[in-house]
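The questions below concern charged side-chain pairs and how they are connected.

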Amino acid sequence: MNYDKNNIFAKILRGDIPCTKVFENEYSLAFKDISPQAKIHVLVIPKGAYTDIDDFYTNASEKEIISFSNAVREVLMLTGVSQNSGGKGFRAIANTGPDGIQEVPHFHLHILGGENLGLRGLRKA
Ligand code: 5GP
């Protein structure tokens, strides 16, 4: 799938529209979801132009993949959901393609937590 340079997360990365940043490193950015589905709802994205998780793990460099993994880890710690730091767990979701009902065509990992999630994030209203 071709990458759409005008998708909303590309605009956030360019600074064309604002976001509430949670964490940033060389190749990754994490920010709060604009329409949170739980008390904690953070999106972690690579800065590179990857449409989805499949594209990312197929085409990203080792540096980008390590950077992304580190960013996820930092977000889990910073938001307090990590069970390794006293948190009570979370849900990590990468909606992908039409069957996954992905809306924004730039790879993003949803981190949801801060409360018991039930089925939240697993089905859309
Ligand atoms: P998807 O359905 O593609 O997995 O999720 C896209 C997510 O991006 C949704 O949860 C939606 O609320 C979020 N989103 C859409 N537009 C914006 C925006 O402009 N800013 C932020 N922070 N999140 C957005």
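A salt bridge here is a side-chain nitrogen of Lys or Arg within 4 Å of a carboxyl oxygen of Asp or Glu. This is a predicted model, in which local features need pLDDT of at least 70 and side-chain atom pairs count only at pLDDT 80 or more, while totals for chains, interfaces and linings use all residues. Residues are numbered from 1 along each chain as its sequence is written, and side-chain values use heavy atoms, with hydrogens and water left out.

Q: How many salt bridges does the structure hold?
A: One of them pairs Asp 16 with Arg 14, whose closest N and O atoms are 3.1 Å apart. Another joins Lys 21 to Glu 24, with 2.5 Å between the closest N and O atoms. The total for the structure is 3.

Q: Which residues are joined into one network by salt bridges that share partners?
A: Glu 24 forms a salt bridge with Lys 47, the closest N and O atoms lying 2.8 Å apart. This pair links distant parts of the chain, 23 residues apart, with Glu 24 in strand 1 (residues 21-24) and Lys 47 in the loop between strand 3 (40-46) and helix 2 (53-59); helices (H or I, at least four residues) and strands (E, at least two) are DSSP runs, numbered from the N terminus. Through shared partners, the network consists of Lys 21, Glu 24 and Lys 47.
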